[in-house]
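Let's take a friendly walk through a protein model, one helix at a time. Have the picture ready and follow along as we go.

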Amino acid sequence: MNAIITATELASELAGPEAPLLLDVRYQLGGPPGRPVYEAGHLPGAVYVDLESELAGPPGATGRHPLPDLAVFTAAMRAAGVGAGRPVVTYDGGQGWAAARAWWLLRWAGHPDVRVLDGGVAAWQASGGAMSIDKVTPQPGDFTPAPGAMPLLTADDAAALARRGVLLDARAGERYRGETEPIDPVAGHIPGAVSAPTTENVAAGGTVFRPAAELVERFTALGVTAGTEVGVYCGSGVSAAQQVLALAVAGVPAALYVGSWSEWCADPSRPIATGPQPG
């Protein structure tokens, strides 16, 4: 099963007998809440899911967007209509970060059929897809989580993987190099990690993923070859989920370090590298 779906493919499936459930996960770091944007217009039938309260736990020592409490996540997914027998498609404003976080969490929790709308709302509208302001009240789902279906890294796991495999840092290059840090208290990267900004996973000037063959070339150039163990982190485990998704499109399984840099740099005993090299 492909991890992404095009707007044209989604329109066809929505018109068919087994339409997927749509989850609207629009979110902007430090920006306005996503629900008003959803209420102003969403894909027909889509249910809004809040990243901060339903796809992440409270910020703290384990990062700015740690894993949500499993009971909270389960209740949110059931309320949205998620069930094991129905496919799910997640989407956001186009960046793919929030939609990928929802995709990853559902896959990690054992849902067998989850995809991300490639290009999000922008791609949907560009293809002629309609938007709706109708209130959506889904039938409750029977989603039962079975955590562990996707690999998950702790801080110690990430440090070890950087030594034996390839640990990709999905943040902007200047944050990796330690030149600036607009969010977290310390700049730099995990020693051994390779800089791999998420912006290079999408087509130039857009939000749609590059073709799978191009993504294979990108990750190969970063050291990801056959049999390589791969992990990904970012600032708080959101944009890194988009990188895990891009790797899935390229046919490469990868583990996610959810705590990411916000957890790593919170412990002064952990080493920090700066500059353009892994260190």
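Ala 71 and Ala 79 are exposed on one side of helix α4. Keep in mind that this is a predicted model. Now turn to the other side of α4, which spans residues 70-80: its buried residues are Phe 73, Thr 74, Ala 76, Met 77 and Ala 80. These buried residues cover an arc of only 165° around the axis, so they sit on the same side of α4.

What do the buried residues of α4 pack against? Their partners are two strands, β2 (21-24) and β3 (47-48), together with two helices, α3 (51-54) and α5 (97-108).

Next, look at the two ends of α4. At the N-terminal end, Asp 69 acts as a cap, with a side-chain oxygen 3.0 Å from the backbone nitrogen of Ala 71. Just after the helix comes Gly 81, which takes a positive phi of about 100°.

Let's move on to a pair of helices. Two packed helices are described by the angle between their axes and the distance between the axes. For helix α9 (residues 212-221) and helix α10 (residues 239-249), the angle is about 115° and the axes are 8 Å apart. Because of that angle, α9 counts as roughly perpendicular to α10. The way α9 passes α10 is a left-handed crossing.

Which residues make this contact? From α9 come Ala 212, Leu 215, Arg 218 and Phe 219, while α10 brings Gln 243, Ala 246, Leu 247 and Val 249. Try finding these residues in the picture yourself.

Definitions and conventions
Residues are numbered from 1 along each chain as its sequence is written. This is a predicted model: local features need pLDDT of at least 70, side-chain atom pairs count only at pLDDT 80 or more; totals for chains, interfaces and linings use all residues. Side-chain values use heavy atoms; hydrogens and water are left out. Buried means under 20% relative accessible area, exposed over 50%, partly exposed in between (1.4 Å probe, protein chains only). Helices (H or I, at least four residues) and strands (E, at least two) are DSSP runs, numbered from the N terminus. The arc is that of the directions from the helix axis to the C-beta atoms. Contact means heavy atoms within 4.5 Å. A polar contact is a pair of N or O atoms within 3.5 Å; within protein, one must be able to donate a hydrogen and the other to accept it, and residues adjacent in sequence count only if both atoms are side-chain atoms. Axes are lines fitted to C-alpha atoms, for helices over the stretch in contact, and angles run from 0 to 180 degrees between N-to-C directions. Angles under 35 degrees count as roughly parallel, over 145 as roughly antiparallel, 65 to 115 as roughly perpendicular and the rest as oblique. A crossing is left-handed if the near helix is turned anticlockwise from the far one by less than a right angle, and right-handed if clockwise.
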